[in-house]
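Me: I have a protein model on my screen and would like to learn how to read it. Could we go through it together, one question at a time?

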Amino acid sequence: MKLALIQMQVKNTPEENLIKAKTLLAEAAAEKIDIAVFPEMFACPYDNSCFPRFAMDKDDPFLLEMGNLALEHGIYIVAGSVPEKFKDKIYNTSFVFDPKGHRIEKHRKMHLFDINIEGGQRFMESDVLTPGEDFTTFDTPWGKLGLMICYDIRFPELARLLALQGAKGIIVPAAFNMTTGPAHWELSFRARALDNQLYMAGIAPARDNSASYVAWGHTISTDPWGRVLVQLEEKEEIAFVEWDLEYLEKVRRELPLLQHRRTDLYRLTDITNR
Ligand SMILES: O=C(O)CCC(=O)C(=O)O
């Protein structure tokens, strides 16, 4: 399975970002990819004042065009995330399109990013956004994939649940910042890959030093052995990576971590019954 991780420079409006996304996608699709992924909040800047202003419903032209592009290029597209308007609420949502252009899944960020680091980053997503309540996986011809958004990665229980539901890779549109990026970005992607023996991909926006929220960039993919397969720097660029499911099975056979869990002593349960 070949992925294109598109570290796009996010502009001010969905219209500008759609033009940019199309150009980058055409470049990526020329490399015979199976899946293209965009960053967290790639339709508008990652800023609480932008979320209500640019919130879109699932049939917004921006998202319909993502479906058209998936069909045109014959690939899966994980459309990063956008501010999604649903009833009177706004979610941070990632929509997934299949090669026929159908919208097949969506993930609403479950853990909202409310942090206040002294001398560093402050952000309060919950001032504007509502958290999602569903675990998200989707099937591809190469295996099941899981989906999380940014801060979701800090909750090992979520990645483990997705692994137990059969995910062989987890895709994470994300935008760490200049405080937590250098400290925790690579470590988090290596850790979740290692402790679940699966592939991980983190797709970030390119850095814009004039933005209110300065993203760390460093789009990354890690493998079931905990290694970094690819990692970009901060500029706009596309990372290409191959995920080899046979290698994943080899690692799980040789070091059968998931089978060694003491489920007679502890258990992780999805209590949503959905
Ligand atoms: O967890 C972090 O350090 C960054 C999270 C974040 O930026 C987000 O959830 O959007």
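Me: In the hairpin of β12 and β13, which residue takes a positive phi near 90°?
Reply: Keep in mind that this is a predicted model. Strand β12 covers residues 220-222 and β13 covers residues 228-231, and the two pair in the antiparallel sense over three bridges. Five residues sit between these strands in the hairpin, and the one with a positive phi near 90° is G226.

Me: What is the bridge partner of S221 in β13?
Reply: Residue 221 falls in β12, which spans residues 220-222. Its partner has to be sought in β13, at residues 228-231. Look across from S221 and you will find V230.

Me: Which loop holds H218, and is H218 buried or exposed?
Reply: H218 is in the loop between β11 (199-203) and β12. It has a positive phi of about 60° although it is not a glycine. A residue is buried if 20 or more other C-beta atoms lie within 10 Å of its own. H218 has 21 such neighbours, so it counts as buried.

Me: Where is K32, and is K32 buried or exposed?
Reply: Most residues other than glycine have a negative phi. K32 has a positive phi of about 55°, and it is not a glycine. Its place is the loop between α1 (14-29) and β2 (35-37). Because K32 has 10 other C-beta atoms within 10 Å, it is exposed.

Me: Now for a strand: how many of the residues of β10 are buried?
Reply: Strand β10 runs over residues 169-173. G169, I171 and P173 point one way from it, while I170 and V172 point the other way, and all are buried. The strand is mostly covered, and the number of its five residues that are buried is five.

Me: Is I171 buried or exposed?
Reply: I171 lies in strand β10. Setting aside its neighbours within four places in sequence, it is in contact with V37, V78, L145, L147 and A201. With 29 C-beta neighbours inside 10 Å, I171 is therefore buried.

Me: How far apart are the C-alpha atoms of I171 and S221?
Reply: Along the chain, I171 and S221 are 50 residues apart. We have met both already: I171 is in β10, and S221 has V230 as its bridge partner. In space, the C-alpha atoms of I171 and S221 are separated by 9.1 Å.

Me: Which residue stands opposite I170 in β10?
Reply: Strand β9 covers residues 143-147, and three bridges join it to β10, with the two running parallel. So far we have the strand; the residue opposite I170 is G146.

Me: How many residues join β8 to β9 in their hairpin?
Reply: β8 (residues 136-140) and β9 run antiparallel and are joined by five bridges. As an example of residues facing each other, T137 stands opposite G146. The hairpin passes from β8 to β9 through two residues.

Me: How far apart in space are P61 and W243, C-alpha to C-alpha?
Reply: P61 is in helix α3, which covers residues 61-73. It has 12 other C-beta atoms within 10 Å, so it is exposed. P61 and W243 are 182 residues apart in sequence, and their C-alpha distance is 32 Å.

Me: By class, what does the shell around the ligand have?
Reply: The residues around the ligand are E40, F113, C150, Y151, R154, A175, F176, N177, T180 and H184. Try sorting them yourself before reading on. By class, the shell has five nonpolar, three polar and two charged residues.

Me: Which residues does the "CN hydrolase" annotation cover?
Reply: This domain annotation comes from an unreviewed UniProt entry. Within its stretch the chain is 25% helix and 30% strand, and the end C-alpha atoms are 8 Å apart. The annotation covers residues 1-245.

Me: Stepping back, what radius of gyration does the protein have?
Reply: The protein has six helices and 14 strands, and its C-alpha trace spans about 50 × 45 × 40 Å along the principal axes. Buried residues make up 43% of its 274 residues. A compact globule with 274 residues would have a radius of gyration near 19 Å, which agrees with the protein's value of 18 Å.

Key: Residues are numbered from 1 along each chain as its sequence is written. This is a predicted model: local features need pLDDT of at least 70, side-chain atom pairs count only at pLDDT 80 or more; totals for chains, interfaces and linings use all residues. Two strands pair if DSSP finds at least two bridges between them. Helices (H or I, at least four residues) and strands (E, at least two) are DSSP runs, numbered from the N terminus. UniProt positions are given in the numbering used here, feature names are shortened, and annotations may be inferred rather than shown by experiment. A residue is near a molecule or strand if its C-beta atom, placed from the backbone, lies within 6 Å of it. Ala, Val, Leu, Ile, Met, Phe, Trp, Tyr, Cys and Pro count as nonpolar, Asp, Glu, Lys and Arg as charged, and the others, Gly among them, as polar. The radius of gyration is taken over C-alpha atoms; the globule rule is 2.2 Å times the number of residues to the power 0.38. Two residues are in contact if their C-beta atoms, placed from the backbone, lie within 7 Å.
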